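I opened my notebook to record, step by step, what I looked up in this structure.

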Amino acid sequence: MKAVLRLAALSAWSRRLTLGLTLVAIALAVTLLLAVERLRVDARQSFTQSVSGVDLVVGARTGSVQLMLYAVFHAGAASNGISWDSYRAIATHPAVDWALPLALGDSHRGFPVLGTSVDYFRLFRHGEREALQFAAGQPFTGTFEAVLGSEVARRLGYRTGDTITLNHGLGELGPAHGDKPFRVAGILAATGTPVDRTVHVSLEAISALHLDWIGGAPVPGLVIPTEHVAKFDLQPKQITAALVGLKQRGDVFRMQRFVNQYRGEPLLAVLPGVALDELWQNIAMMERTLLTVSALVVLVGLAGLAATLLAGLNERRRELAILRALGAEPGDIFLMLTAEGVLVTTAGALLGLVLLTIGSGLAAPWLLDRLGVVLGTRWPGREELALVGAVIATGLIASLIPGWRAWRMSLADGLTPKL
Amino acid sequence: MTALRITNLVFRWPRQAASCLDIPRFELAAGERVFLHGASGSGKSTLLGLLGGVAVPQAGRIELLGTDITRLSSRTRDRFRADHIGFLFQQFNLLPWLPAIDNVLLPCTFSARRRERAGADPRAEAERMLRHLDLDTTNWRKPAGELSVGQQQRVAAARALIGRPEILIADEPTSALDAERQQVFIDLLLQESAAVGAALIFVSHDQRLAGHFDRSVALHDISLAAPERKE
């Protein structure tokens, strides 16, 4: 059997151009399939890791998925805010252990700016309940100080003590808050979450930036210089959303009802896990479609393999007859053809894994930048290997067809193939 | 011992009314060298298939070296063929992508008996045979497909003879050679089969080649089913 497999390998090598093209087709199909799967898993992982230990996310009444997207992932814009009074009412509720206000809407060179309280650095948790760590510096203390996420600092080359200015709105081309520069007070360690892409400032800073603004634009002729800002009341009137931690998790539905039925204004409280489930359900259909399409592409590749082997069979009738004359059994011929197909499939699948590793390494920075999704550069996981296994198993089944045909042929031809 | 004894052999292809072969009796002594001729379509290839054990007759016995191969299982027949028969075909005899010397060694990979009979080092034996058959050393490791037709036939002869099979079956092995080389090759084949002590059945439609054989037989003389020669 070893000798037969060696002959199969040598024979395949002699037809390396045709088989090589088939192999590349299979490899690309496998890459596509694995890329879709990896993107799916890593997107979930990224989202799930982004928030930990938060019992409720509170915002203006909107869709729960939308609230999660802008409050936690800083993706998209909030249609409405919640008033400071409402926030205080929730934060001081007896069931509430802690609350973090979030004010969004400004940006710095494409990175979102988050106004929050200094408690954020102490209370916020991500991943497996991990706290934020400072890679350099410390939390902001003054109004015009900022704390950068690791990705912001890395990409833009900032260090503590540098000066940055913010933009109004989320685009890179929004009107500038150039008159009020910020000093970088600290830089956070990498977390693999949207925190890495965020510029953190105090709530007071957000108010101060907009003192001389009305309705999203600077008031002409009104300029309040930095040194005079302190004279104003910088207590914010409105924030975008709030993260809430409870003393007892059992109170979560009571608290949710309290927020949802709050009389002051229409509010919404969502459980992060429930909202994420809803998000997954929304995109599950798309994921399934993508996976199905890429699985079909793999099937096309394997059908191509079977077709190539079948087409080559006619030219190889003489070869198979010679092997029969030398003592090869029909089973050996069957094994030779099937082994060739499995060999090509396996090599294609492995090449696909290599391409995936290279490709995900190249695409990872772009994905993090544009979508905030952390794409892992890692060895293939169990589910990816299961997919590769399924591809090879399907390749085996596809290879049985030419194997069976060669077996029939060698029985019918005997020692003198009809050419 | 006889190398081959055929008794009351009848073979008919599936879905055909007339018998293709009907041979009451045919014998070949050990080491005997027979020229078997017959027109195309007279059933030569079918007879070779039966001798090789890849087809089974509807009736009769085919005894090779005293064993009735029609009674063996298909697997045992395949093994018997690999162990005791060397085959030599018209052209395209070799695996074109395999080096010449590895083509010669192929019978030794399929048959342990041929490997043992090829001596302690089959590769050295293959080299000895190629040298003896006058194939230049530089061609030994070339893929067989790159050799000339004449060179390929000599490699094929070495392959058929390695491991000293008791029976050598040659099916029109000279059809691709020019007249001069035909006779040289046949002499070489007769000499080599005598050297390993193999009985030789040389099949051809060209009766002019019959000269140097021990015996010449027409298929239509031994088979009742074969059509009369049209000449």
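The entries below go from the domains of one chain to the contact between chains, and then to a sheet.

Entry 1, the domains. I noted before anything else that this is a predicted model. I then looked up the domain assignment of chain A, which gives domain 1 as 2-47 + 283-413 and domain 2 as 56-270. Domain 1 of chain A is thus written as two stretches of the chain, and domain 2 of chain A as one. I also looked up how far apart they lie, and found 49 Å between the C-alpha centres of domain 1 of chain A and domain 2 of chain A.

Entry 2, the contact between the chains. Counting residues as in contact when their C-beta atoms, placed from the backbone, lie within 7 Å, I found 16 residues of chain A in contact with 22 residues of chain B. On the side of chain A that touches chain B, the elements giving two or more residues are helix 1 (2-14) and helix 11 (317-325) of chain A, and helix 11 of chain A gives the most, with five residues. Sorted by class, that side of chain A has seven nonpolar, five polar and four charged residues.

Entry 3, the sheet in chain B. Which order do the strands take in the open sheet of chain B? I read the order as 2-1-4-5, with four strands and antiparallel pairing. Strand 2 (21-29) and strand 5 (67-68) of chain B are the edge strands, since each pairs on one side only. Following strand 5 of chain B inward, I found that two bridges join this strand to strand 4 (residues 59-64) of chain B, and that the two run antiparallel. Here B:E63 stands opposite B:D68, which belongs to strand 5 of chain B.

Notes:
Residues are numbered from 1 along each chain as its sequence is written. Chains are lettered from A and ligands numbered from 1 in the order in which they are written. This is a predicted model: local features need pLDDT of at least 70, side-chain atom pairs count only at pLDDT 80 or more; totals for chains, interfaces and linings use all residues. Two strands pair if DSSP finds at least two bridges between them. Ala, Val, Leu, Ile, Met, Phe, Trp, Tyr, Cys and Pro count as nonpolar, Asp, Glu, Lys and Arg as charged, and the others, Gly among them, as polar. Domain bounds come from an automatic or database domain assignment.
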